[in-house]
Amino acid sequence: MITRCLCALAALAVGLSPLLEPRLGADTVKWTRLRTANFTLIGDQGDKPLRRVAERMEQFREVFGRVFPNTKQAPPAPIVVHVFGSERAYQPFMPLFHGKRVDVGGYFQEAPGAYYITLNTEAGERAYPTIFHEYVHLLVGSALADVPVWFNEGLAEYYSTYQLYGEREASLGRVKEEHVFDLRERFIPLTELLAVDYRSPLYNEGERRGIFYAESWALVHYLLLGSPERKGQLATYLQQYADGVAPAAAFRAAFGGSEADLEKELRRYVRQSLYQSTRVRFADKVAIDKDWIVDQPSEADAQAALADLLLAVRRPEEAAARAEDALKLAPDHARAQAVLARVRAAQGQADRSATLIAAAVKAAGRTDYLPAYYHARLLLRGEGEHTATITGASARQALALLDQVIALQPSLADAHGLAAYAALIADDPKGAMAHAATAFTMSPRHEYALLHARARVFQRDQTVRPALVALVQRGSSDWIRHEAQELLDFLTRMEGWASLPTAADYTGAPFTPSDGSTAPARPERLIPVFRATADGEVREAGLFEGVECPRNGVILTVRLPSRVARVHARAFDQVEFFSYRSSEPPGQIACGPRPQPERVYLTYRATGGPPGTDGVAVAIELLPDDYQP
Ligand SMILES: [Zn+2]
């Protein structure tokens, strides 16, 4: 930060007394880092403000954990808290919305590999509601796979008013006047509120979104504090919901009576003028202090951490500038190089990015998990609009990097999530299942459930259907529901296919000759020798789904673990077709969908294809049924 201040000052220096400069020299800034059980805090105002913020966050976490005990496990990624001493110091790190700075007192940002909390101590209490709101989402999301949207937002709003009184007391559930006033003007029918999911316009449209938050808050407040008769009903409802019970039935089981009754009570509730809140008392000041570690990071470490933060809040140019500042101080700084590698990748500078990230991983050694995680992510996901071209080799490289990450940061759920994805591409569905299951235990996200299901589909496991149906019905985002549906359709198409004889069917029961003649020779089991790939060719295992025949040639579609590849050829005879299948004659390759998609190796060149395709087709090799690549 100081390096940048000096740059800005240099421009103004003409009009300023030169005597001012030495006081702002870089060596006057001392960075402090404080590590608690659940947070890493960093700032340049000494350890006192860090301790105050840490205490607040740890206490909040404890209070929340008392009510929801299963939220007490480690967070699915480390939480880094940047504490700024003034509005001016905080401004360069505030989030942007449509390119404009949003002036907040505090902010919570989820990013690859870590969560970032930022706050300005000058903002006082104003800093916390947003942070607590989002932190509740993190705690709930790490513990519960499925909660209704109204509960998720209502609870986050409920806890956002958490306030400390003295050293041993806090209040919970203070009234949010703005919500109450809002609800006296407008009200959503309760049935509509309960039915909101992540797709609902109500949840996504600016104007009505406000009333949705207000009423969600009111309902949670009423059920937790406003009605002794209804105590405990919310927990029952959540359990029913998580078990997949239909909403209407879940409602009756938990709340008895009808939605109309509860709605009447809620309408009455928001018209009253007094609202309860609760006090929480801490036996000790919170079981903390002694295990906290304080140290002084170097200027380069601090600048690299801030560069990383800027990347997380999507200010990549500023992130790059700051990473370069850090590299001036420490030329092989691991974190700074890793941040710069991601920015360059997003700018399409693939070679520069590859050099930087390799150097970053090497420099980090066993001191920082993030460069290796960023590297694996670049290999598997790319950065920004530049998606990665994934090969078996790059997937295996990513797996090795993720092993390193997991050794350093075992609780990073997404390291397992990415490893599941990489294992699928490396054609190791069993490994993918194991990683996806671990990721899901740490953070029950639907994307990990989908990865798990996908690995089962690739093993032709028809019993995966209920899991897929659940994801189609309740998946937390459009792409998850869409992909789950695609996998279901695919399973349906495969059903006929599964009944075909496989090579294994011929090696099973011994043949007993009945007429003295010699037994017919069993079909030889083929050990395929695959086509060698040439330079610039990519080979991936997948399912050959069909051939499109536009005017300018043919497009082969092959379902890969991660996507559907569409590769072009000017004509059929430009593609080499091989069959290693013993159990059936090689079918004719013609325009249209394949009636029974075959497992194949697809070889193609990623460049030179017409727009809208993934490249130029080179070869299709039909794999034997029992072949494990
Ligand atoms: Zn929220």
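Colleague: What is the strand order of the open sheet of six strands?

Modeller: Read it from one edge to the other. In this predicted model, the order is β6-β7-β3-β2-β1-β11, and the pairing is mixed.

Colleague: Which are the edge strands?

Modeller: Look for strands that pair on one side only. Here they are β6, residues 106–111, and β11, residues 293–295.

Colleague: How many degrees does the twist average from one strand to the next?

Modeller: The average is 15°.

Colleague: Do β3 and β7 run parallel or antiparallel?

Modeller: Parallel. Six bridges link β3, residues 79–84, with β7, residues 114–120. Take I79 as an entry point: its bridge partner in β7 is Y115.

Colleague: Which strands does helix α2 lie across?

Modeller: Helix α2 spans residues 47–67 and lies across β1 (32–35), β2 (40–43), β3, β7 and β11. The helix runs at about 25° to β1.

Colleague: And helix α13: which strands does it touch?

Modeller: Helix α13, residues 299–312, packs on the sheet and touches β2, β3, β6 and β7. Its direction makes about 100° with that of β7.

Colleague: What is the mean pLDDT of the protein chain?

Modeller: The mean is 82, and 85% of the residues reach 70 or more. Two stretches call for care. Residues 1–26 have pLDDT below 50, with 14 contacts in the model beyond near neighbours in sequence. Residues 581–586 are also below 50, with 16 such contacts.

Colleague: How should the coordinates be read where pLDDT is low?

Modeller: Predicted coordinates should not be read in detail where pLDDT is low.

Methods:
Residues are numbered from 1 along each chain as its sequence is written. This is a predicted model: local features need pLDDT of at least 70, side-chain atom pairs count only at pLDDT 80 or more; totals for chains, interfaces and linings use all residues. pLDDT is the predictor's confidence in each residue, from 0 to 100. Two residues are in contact if their C-beta atoms, placed from the backbone, lie within 7 Å. Two strands pair if DSSP finds at least two bridges between them. Helices (H or I, at least four residues) and strands (E, at least two) are DSSP runs, numbered from the N terminus. Axes are lines fitted to C-alpha atoms, for helices over the stretch in contact, and angles run from 0 to 180 degrees between N-to-C directions.
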